[in-house]
Amino acid sequence: MTAKIVLVPLGQADVEISRGMAPNGYDLVVTQPGTPEFRAALADMKYLVGLGDASMDDAFYRAAPNLKLVQLLSAGYDRCDVEAARRAGVPIANNGGANAVAVAEHALMLMLAVSRRLIWQHGNVAGGRWRGNDWNEKHLYELHGKTLGIVGLGTIGKKVARLGRAFGMDVQYYDIARLPEDAEDALGARFRLLREVLKTSDVVSLHVPLTAATRHMIGAAELALMQPSAILINTCRGPVVDEAALHAALAGGGIAAAGLDVFEQEPPRPDNPLFGLENVILTAHLAGPTWENRFKRFRNAFDNVQRVERGETPLWVIPELRA
C-alpha cells in the first residue's frame, strides 16, 4: 500500500512547492483540517506535514491509527497537544532549523532598526523634514562593541550569535543546555546565568520555545534587572514576555527600546498600548517566512518522512518527546 502524506498548506505556493518536491512512491493529499477530505484521509494517513493545530487531540490520534510522524513546517510547536501525541506514541518533529537564517537576520534587523531609529528617520524624510528636529537629541547607536545577550542558544540563537560577532558585538548567552567550553570558544559566546545576561547586556534577544517554563519568563522582575539603555528583541513567541510589564518598562524608562515580531495575542488588538510608543518597532510575526526557506522546510519535511519510512529515527523531534 502506498504511504500517504497529508499536507496542510499555508497557501497555493506551498501546494506548488510540495508537489514539485514530494518523493516518488507516496500518495500526497493536500487538504485542510476539518474538511471532509481531511477526515477521509485520517484512517490510512502515515505522515502529517503542516503546522501544529489544537484540534490534534486524543480523538485525532485515535482516528489516525497508522500515523507515524507529525512533521511541522514551523520551528514552534506550542499549538500542538504534546501529551496527546505522547499517549499515541507519535513523534512530533519541527522544521529542522529551516527558518533559522531568516529569524536570525530579522533579529539583527530589529536591533539595527531600533538602534538607528529607522522608523523615526523614515518619517522625517517622507514628511519633508530632512533631519527632523535636532538629531543630536535623538541618539543613534552602533552595535559594534555592545554586549549581546542571547536567551536560548538553539539553532537560531547560534546564528544570531555569529551575526552579532560579525558586527563586532561581545556575545553571552543563557540556556538550560550549556555548550562545552570548546564549542563556546568556536562560537565566541560565553555562558552566563539569566540574571547576569539581563543585567549586563546592551541588547537581549529571545530565542526560546514557548512552554510552561518559558511563558512570561521575562516579566516585571526580569525587566527591572535590565539597564535603562538596554534593548529587548523578541522573535520567538509573544507570551515569553509579559506584555503589560514590557509596556510599563518602555513607557517608564526602565529599558530604552524594543523590537518585537511576536505578541501575546496575534493579531494584536487595535488598542494594544505598545502601538502608542515611539521606542518600539513592530513586525507581524514575519521573521520566519522567506521565499528561500519555503524550499528548505519542505526539503527537511520530506527527508524526515523518508527516514521514518525506512525504519530510521526521525530528526528534529521536539524535546518533550525525545526518548
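**A walk through the predicted model**

Let's start at the N-terminal end of this predicted model: strand E1 (residues 3-7) and strand E2 (residues 26-30) run parallel, joined by 5 bridges. To get from E1 to E2, the chain passes through helix H1 (residues 12-21), and the resulting β-α-β crossover is right-handed. If you want a spot to look at in this pair, try isoleucine 5, which sits opposite leucine 28 in E2.

Now for a couple of backbone oddities in the loops. Arginine 117 lies between helix H5 (100-115) and helix H6 (118-126), and its phi is near 50°, a positive value in a residue other than glycine. Is arginine 117 buried or exposed? Its relative accessibility is 22%, so it counts as partly exposed, given that buried means under 20%.

Histidine 216 also has a positive phi, near 60°, and again this is a residue other than glycine. You'll find histidine 216 in the loop that links strand E9 (203-206) to helix H10 (220-225). With a relative accessible area of 35%, histidine 216 is partly exposed too.

Further along, look at the loop between strand E11 (257-260) and strand E12 (280-282), which holds proline 267. The peptide bond joining glutamate 266 to proline 267 is cis, with omega at about -5°.

Last stop, the empty space inside. The structure has 1 cavity of 30 Å³ or more, and the largest cavity holds about 40 Å³. What lines it? The residues are Asn234, Gly238, Val241, Glu243, Leu246, Leu260, Val262, Phe263 and Glu264. Sorted by class, that lining comes to 5 nonpolar, 2 polar and 2 charged residues.

Definitions and conventions: Residues numbered from 1 in each chain as written. Predicted model: local features only at pLDDT ≥ 70, side-chain atom pairs only at ≥ 80, totals over all residues. Heavy atoms only, no water. Pairing = 2+ DSSP bridges. Helix = DSSP H or I, 4+ residues; strand = E, 2+ residues; numbered from the N terminus. Right-handed = clockwise from strand over helix to strand, strands pointing away. 1 Å grid on protein atoms, 1.4 Å probe; cavity = no way out; pocket = protein on both sides within 12 Å on 5 of 7 lines; lining within 4 Å. Points joined across faces, edges and corners; volume = space filled by probe spheres on them. Nonpolar A, V, L, I, M, F, W, Y, C, P; charged D, E, K, R; others polar. Buried < 20%, exposed > 50% of the residue type's maximum accessible area, 1.4 Å probe, protein only.
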